[in-house]
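Student: Could you take me through the pockets in this one, and above all the part around the ligand? I'd like a close look, all in one go.

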Amino acid sequence: MTDAIDWTRAADPGRRIGHCVEYHAEIGSTNDRARIALDEPGGEGLAIVAELQTAGRGRRGRTWHSPSGRNLTLSVGIRPRLQASAAGLLGAATALAVRNACRPEAALAIKWPNDLVDSDGRKVAGLLLETALVEEQLAHVVIGLGINVNWRRGQMPAEISAGATSLADLAGRDIDRIALLGRLLGALDDEIAALERGESPVERYGGASWLDGRCVVVALGEREVEGVALGIGQAGELLLQTNDGQLALAVGEVVRVRLAMASPA
Ligand code: BTN
């Protein structure tokens with residue numbers, strides 16, 4: 001199903017993020033196009049939307065799969081007025097924007113660092129932030145978002161449906177993708193402006209965390225650490241209680257999760 005829908009209806013010329021929408025029926029990766037657009041007039045904040053990516057990528061070198069006509073697949077390039085040290089907070093602000101935009105359809109939680117999941121931990125959306133630094137400043141950031149909107153679990157390959165779901169599955173009906181995109185661009189615009197004003201998203205981000213109290217294994221490159229997730233630190237780090245003490249992880253990937261064992265009475 002590739003409906004010829006008018007994505008440009010989600011644009012708002014009064015906004016920095018999503019002032020215009022550029023639509024592609026097929027593209028390699030929307031992140032690559034958003035990066036190139038940053039060097040073109042009006043390229044900052046231009047939302048690049050694609051029905052199908054032939055080289056869509058996820059975090060840690062994974063491929064991002066999303067069939068045409070079902071989901072939201074988009075990227076936006078910005079030149080944020082932020083220090084390099086705020087990169088983690090930008091991910092947190094973006095995750096909150098996705099959560100807020102999806103709220104009318106489903107209550108999502110955030111699985112550190114920036115997956116959006118349902119109450120069972122099934123993934124609904126993923127973010128890929130690609131940054132360029134100049135000295136201590138974030139020169140530009142490409143924010144890539146993939147959201148499972150109307151791709152029902154029953155249509156997903158088994159290896160994806162094992163750990164994923166969609167907004168339509170959670171809401172029990174199909175979702176208007178243009179309205180969702182409009183809300184998402186507005187929420188991103190608000191969150192990033194707040195971050196640039198110096199308002200930290202950490203309290204709200206921590207409050208939305210799905211991992212708290214769960215026993216997790218986090219991959220740090222070749223190494224893995226195990227512990228109980230305690231919460232989120234001031235720079236967006238995962239606070240982990242391990243057998244050797246408390247850790248604050250700025251980067252990493254949660255590779256396994258289980259409920260922490262209650263101590264025997
Ligand atoms: C992840 O969870 O691993 C991140 C997935 C990010 C996927 C999006 S889809 C739009 C944008 N273009 C890409 O190539 N990737 C991101």
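**Pockets and ligand**

Tutor: About 460 Å³ of space lies in the second largest pocket, so named in a model that is predicted. Let's clear that pocket first and then move to the ligand. Its lining is made up of 22 residues, and Ala87, Gly88, Asn114, Ala250 and Val251 are the ones nearest the centre. Two elements, α2 (87-102) and β6, give two or more residues each to this lining. The largest share is that of α2, with five residues. Sorted by class, the lining of the second largest pocket has 13 nonpolar, seven polar and two charged residues.

Now for the largest pocket, which is where the ligand comes in: the space taken by the ligand is this very pocket. It holds about 800 Å³ of space. The lining counts 39 residues, with Arg62, Thr63, Trp64, Asp115 and Lys123 closest to the centre of the pocket. The elements that each supply at least two residues of that lining are α1, β3, β5 (115-117), β6, β7, α3 (158-161) and β12 (253-259). β6 gives the most here, with four residues. By class, the lining of the largest pocket divides into 14 nonpolar, 17 polar and eight charged residues.

Let's zoom in on the ligand itself. There are 21 residues around the ligand, and those that come nearest are Ser29, Gln53, Arg57, Arg59 and Lys123. Lys123 is thus on this list and also among the residues closest to the centre of the largest pocket. In the shell around the ligand, five residues are nonpolar, eleven are polar and five are charged.

If you're setting up interactions, here are three polar contacts to look at. A polar side-chain atom of Lys123 is 2.5 Å from an oxygen atom of the ligand. For Gln53, a polar side-chain atom lies 2.9 Å from a nitrogen atom of the ligand. Thr30 has an N or O atom in its side chain that is 3.1 Å from a nitrogen atom of the ligand. As for cover, the ligand taken alone exposes 420 Å², and the protein buries 99% of that.

Which elements build the shell? Those that give two or more residues to the shell around the ligand are α1 (30-37), β3 (72-78), β6 (123-134) and β7 (137-147). β6 gives the most to this shell, with four residues, and β6 also gives the most to the lining of the largest pocket.

A few backbone details are worth a look while you have the model open. Most residues other than glycine have a negative phi, and most peptide bonds are trans. Against that, Arg60 has a phi near 55°, a positive value in a residue that is not glycine. Arg60 is found in the loop between β2 (47-53) and β3. Glu135 isn't a glycine either, and its phi is positive at about 50°. You'll find Glu135 in the loop between β6 and β7, and both of those strands give two or more residues to the shell around the ligand. Then there's the peptide bond from Trp112 to Pro113, which is cis, with omega near 0°. Pro113 is in the loop between β4 (109-111) and β5, and β5 is one of the elements that supply at least two residues of the lining of the largest pocket.

Note on methods. Residues are numbered from 1 along each chain as its sequence is written. This is a predicted model: local features need pLDDT of at least 70, side-chain atom pairs count only at pLDDT 80 or more; totals for chains, interfaces and linings use all residues. Side-chain values use heavy atoms; hydrogens and water are left out. A residue is near a molecule or strand if one of its heavy atoms lies within 4 Å of it. A polar contact is a pair of N or O atoms within 3.5 Å; within protein, one must be able to donate a hydrogen and the other to accept it, and residues adjacent in sequence count only if both atoms are side-chain atoms. Accessible areas come from the Shrake-Rupley method with a 1.4 Å probe; for residues, only the protein chains shown count as cover. On a 1 Å grid over the protein atoms alone, a cavity is a set of points where a 1.4 Å probe fits but cannot get out, and a pocket is an open set with protein on both sides within 12 Å along at least five of seven lines; lining residues have an atom within 4 Å of a point. A molecule sits in a cavity or pocket if more than half of its atoms lie within 2 Å of its grid points. Ala, Val, Leu, Ile, Met, Phe, Trp, Tyr, Cys and Pro count as nonpolar, Asp, Glu, Lys and Arg as charged, and the others, Gly among them, as polar. Grid points are joined across faces, edges and corners, and a volume is the space filled by probe spheres set on the points.
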